[in-house]
Amino acid sequence: MAINYKETIREVKKSLSRDLSKVKTADDLEQINIKYLGRQGEVNLLFKTLPIKDDSNIGKAINELKDYCKQEITSRLNILLEIKSDPIFDVTVPGIQPPKGSLHLITHAINEIESIFSQLGFVRRRYPEVETDWYYAEGLNIPKGHPARDDQETFYLSKEIVLTAHTSNGQLREMEKVKNPPIKMVNIGKTYRRQADTSHSAMFHQFEGLLIDKNINITHLIGVMDYFAKAYFGNDREIRLRPHHFQFTEPSFEIDISCGLCHGKGIIEKLPCKFCKSGWLELGGSGMVHPNVLKNGGIDPKIFSGFAFGWGVERVLMMKSGLNLPDLRLLYTDDLRFLKQF
Ligand code: DAH
């Protein structure tokens, strides 16, 4: 009876694919290899049915079937090997490129501030953000019920524990830690206040400097402030001191920096400077450490004196970069469309 080769070849392929779908182990696959490609296998048996002198294309078709079977079996074998081998140890697989991140612009500013003060010998500190009332206020010469507390509404976690509204708590902590001056530190950290609008966020950053030694006076304070202003904002910038009041310093000042646009004149081409109005921009507070605060930190005010300052990181960053954010709180979102710009 004549063999319908076309039909038979189709049947063999179907049966192979059925068999392959059931394969679980390499042994199963070996059986299939023998069944189809072995000496007594389906393909060879088909070859044997061919007349000795075959001038049709059937031989070619059976050869193609042989190749087909080899391919199918090999690709099933590859899948088996892939499952078996642990991808962790496959050193030939190209690695996955993780997306590259970058430092946040506030982190950049903090690093720069830290590095400028370290040039003057100040060490970077981080003191608690969750603080007791003593370090946060009372020990800084701000007694309970004093109106100065109203300037900085903060978050009380209990009667005695607050989320600190300034980094000045670091002053007492540093005095206790170092004990014997000289003390030269800059405490950079997060601060919290009950505020939230487009130019204020409930969480922001401050840096607090403290220098205590023998014979420290206001000229040292001016020298350090001037150094920072020039290093951070540029050599052409000047500072000035404006008398102010803080409980923990006496005398106290606000430090201003000359405007980078009108260079302290307040006027550009006969018109008031739009950036500063007066020629000066406010940087932040400073002053000579109050004797009571020195005492509270265990330091004798008759022997030692010092100065302190506390400024906002976001504030100096905005002033330097000229960034004019519609909402300051954008800085703290994880919106990559915003962050990728820096
Ligand atoms: N702690 C003050 C505030 O957050 C800033 C400040 C003013 C810090 C004067 C100081 C200082 O160290 O001497 O408003």
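These legends describe close-up views of a predicted model.

**View 1. Residues around the ligand.** The ligand is surrounded by 16 residues. H166, S168, R193, Q206 and E208 come nearest. By type, the shell holds 10 polar, 4 nonpolar and 2 charged residues.

**View 2. Polar contacts to ligand oxygen atoms.** E208 places a polar side-chain atom 2.6 Å from a ligand oxygen atom. The side chain of Q206 has an N or O atom 3.1 Å from an oxygen atom of the ligand. At G287 the contact comes from the backbone: an N or O atom there lies 3.5 Å from a ligand oxygen atom. The protein buries 92% of the 360 Å² that the ligand exposes when taken alone. Strands β6 (203–213), β11 (280–289) and β12 (305–312) each give two or more residues to the shell.

**View 3. A nonpolar patch on the surface.** L261, I268 and F275 make up this patch. Together they have about 280 Å² of accessible area. F275 sits in the loop between β10 (271–272) and β11. Its relative accessibility is 43%, so F275 counts as partly exposed.

**View 4. The salt bridge between D133 and K144.** Side chains of opposite charge can pair when their charged atoms come close. The model has 19 salt bridges in total. In one of them, D133 pairs with K144, and the closest N and O atoms are 3.6 Å apart. D133 belongs to helix α6 (residues 133–136), while K144 is in the loop between α6 and β3 (155–156). The two residues are 11 apart in the chain. Is D133 buried or exposed? D133 is buried, because its relative accessible area is 1%, and the cut-off for buried is under 20%. K144 has a relative accessible area of 47%, so this residue is partly exposed.

**View 5. A network of shared partners.** D133 and K144 also belong to a network that takes in E138, R149 and E160. Salt bridges with shared partners join these residues.

**View 6. The salt bridge between E282 and R242.** The closest N and O atoms of this pair are 3.6 Å apart. E282 lies in strand β11 and R242 in strand β7 (residues 239–246). The pair therefore ties together parts of the chain that are 40 residues apart in sequence. E282 is partly exposed, at 34% relative accessibility. R242 is also partly exposed, at 29%. Strand β11, home to E282, is among the elements that give residues to the ligand shell.

**View 7. The salt bridge between D327 and R329.** Here the closest N and O atoms are 3.0 Å apart. R329 has 31% relative accessibility, so this residue counts as partly exposed.

**View 8. S15 in helix α1.** Helix α1 (residues 5–21) contains S15. How buried or exposed is S15? Its relative accessible area is 15%, so S15 is buried. What separates S15 from L211 in space? The C-alpha atoms of the two residues are 87 Å apart. Along the chain, S15 and L211 are separated by 196 residues.

Methods. Residues are numbered from 1 along each chain as its sequence is written. This is a predicted model: local features need pLDDT of at least 70, side-chain atom pairs count only at pLDDT 80 or more; totals for chains, interfaces and linings use all residues. Side-chain values use heavy atoms; hydrogens and water are left out. A residue is near a molecule or strand if one of its heavy atoms lies within 4 Å of it. A polar contact is a pair of N or O atoms within 3.5 Å; within protein, one must be able to donate a hydrogen and the other to accept it, and residues adjacent in sequence count only if both atoms are side-chain atoms. Accessible areas come from the Shrake-Rupley method with a 1.4 Å probe; for residues, only the protein chains shown count as cover. Helices (H or I, at least four residues) and strands (E, at least two) are DSSP runs, numbered from the N terminus. Ala, Val, Leu, Ile, Met, Phe, Trp, Tyr, Cys and Pro count as nonpolar, Asp, Glu, Lys and Arg as charged, and the others, Gly among them, as polar. Patches are made of residues with over 30% relative accessible area and no salt bridge: like charges are joined within 9 Å, nonpolar side chains (Val, Leu, Ile, Met, Phe, Trp, Tyr) within 5 Å. A salt bridge is a side-chain nitrogen of Lys or Arg within 4 Å of a carboxyl oxygen of Asp or Glu. Buried means under 20% relative accessible area, exposed over 50%, partly exposed in between (1.4 Å probe, protein chains only).
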